[in-house]
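Got the structure open in your viewer? Take this tour one selection at a time, and check each stop on screen as you go.

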Amino acid sequence: MLSINLRTNTMRKTVTTDITTTPREFFEEQGVDTSTSMVNLRGVVLSAGDFDKTFEELNVEDGTTVNLNAIVKADGAAA
């Protein structure tokens, strides 16, 4: 099991999940739409192919706590 600090523009919570879960499955379970979001795991942006890898395949160790962010970057945020 691992603990995930989930952060979106509108939500902040900590959820426990299994190491064999994929980011796609995790976001679906939490009701988070990532279609317009920049998603990062421990500060590293996930590519489309990473969404179907398990957390274990993404080098997350069992028993750890990680940050998983899905943040919408709107045009108004551009510099």
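Before the first stop, a word on terms: helices and strands here are DSSP runs, with at least four residues for a helix and at least two for a strand, numbered from the N terminus. Keep in mind, too, that you're looking at a predicted model.

**The whole chain**

Start with a cartoon view of everything. What pattern does the chain follow along the sequence? Reading along, you get β-β-α-β-β-β, so to speak in one line of symbols: one helix and five strands.

Now zoom out and turn the C-alpha trace around. Along its principal axes, the trace spans about 40 × 25 × 20 Å. The radius of gyration is 12 Å, which agrees with the value near 12 Å that a compact globule of 79 residues would have.

Switch on the surface next. The accessible surface comes to about 4800 Å², and 46% of that belongs to carbon and sulfur atoms. Of the 79 residues, 39% count as buried. If you colour by charge, look for 7 positive and 12 negative side chains; the centres of the two sets lie 9 Å apart.

One more thing before we go residue by residue. Take the contacts between residues at least 6 apart in sequence: 62% of them join residues at least 24 apart. Some of the coming stops have partners from elsewhere in the chain, so keep the sequence panel open.

**Strand 1: S3 and T8**

Select S3, which lies in strand 1. Is S3 buried or exposed? S3 counts as buried, because its relative accessibility is 17% and the cut-off for buried is under 20%. Show what surrounds S3: leaving out residues up to four places away in sequence, S3 touches T14, V15, T16, T64, T65 and V66. For a longer view, draw a line from S3 to S47. These two are 44 residues apart along the chain, and their C-alpha atoms are separated by 22 Å.

Stay in strand 1, which covers residues 2-8, and move to T8. T8 is buried as well, with a relative accessible area of 10%. Which residues is T8 in contact with, leaving aside its neighbours within four places in sequence? They are V32, A70 and I71. Turn on the side chain of T8 too: it reaches the backbone nitrogen of T10 at 3.1 Å.

**Past the helix: T36 and R42**

Follow the chain to helix 1 (23-30) and on towards strand 3 (37-41); T36 sits in the loop between them. T36 counts as exposed, at 56% relative accessibility, because the cut-off for exposed is over 50%. Now pick K73 along with T36. They're 37 residues apart along the chain, while their C-alpha atoms are separated by 8.1 Å.

Next, select R42, in the loop between strand 3 and strand 4 (44-45). Check its backbone angles: phi of R42 is near 55 degrees, a positive value in a residue other than glycine. Most residues other than glycine have a negative phi. R42 is partly exposed, with a relative accessible area of 43%.

**The loop between strand 4 and strand 5**

This loop gets three stops. Begin with T54, which has its place here. T54 is buried, with a relative accessible area of 17%. What does T54 touch, not counting residues up to four places away in sequence? Light up I19, T20, T21 and T22 to see.

Then click on E56, found in the loop between strand 4 and strand 5. E56 is partly exposed, with a relative accessible area of 49%. Draw a line from E56 to V66: the two are 10 residues apart in sequence and 12 Å apart in space, C-alpha to C-alpha.

Last in this loop is N59, on the way to strand 5 (65-72). Where R42 had a positive phi, here's another: phi of N59 is near 65 degrees. N59 counts as exposed, at 61% relative accessibility.

**After strand 5: A74**

For the final stop, select A74 in the segment after strand 5. A74 is partly exposed, with a relative accessible area of 48%. Add Q30 to the selection and check the separation: A74 and Q30 are 44 residues apart in sequence and 22 Å apart in space, C-alpha to C-alpha.

Terms used. Residues are numbered from 1 along each chain as its sequence is written. This is a predicted model: local features need pLDDT of at least 70, side-chain atom pairs count only at pLDDT 80 or more; totals for chains, interfaces and linings use all residues. Side-chain values use heavy atoms; hydrogens and water are left out. Buried means under 20% relative accessible area, exposed over 50%, partly exposed in between (1.4 Å probe, protein chains only). A polar contact is a pair of N or O atoms within 3.5 Å; within protein, one must be able to donate a hydrogen and the other to accept it, and residues adjacent in sequence count only if both atoms are side-chain atoms. Contact means heavy atoms within 4.5 Å. The radius of gyration is taken over C-alpha atoms; the globule rule is 2.2 Å times the number of residues to the power 0.38. Accessible areas come from the Shrake-Rupley method with a 1.4 Å probe; for residues, only the protein chains shown count as cover. Lys and Arg count as positive and Asp and Glu as negative; His and the chain ends are not counted. The place of a charge is taken as NZ of Lys, CZ of Arg, CG of Asp or CD of Glu.
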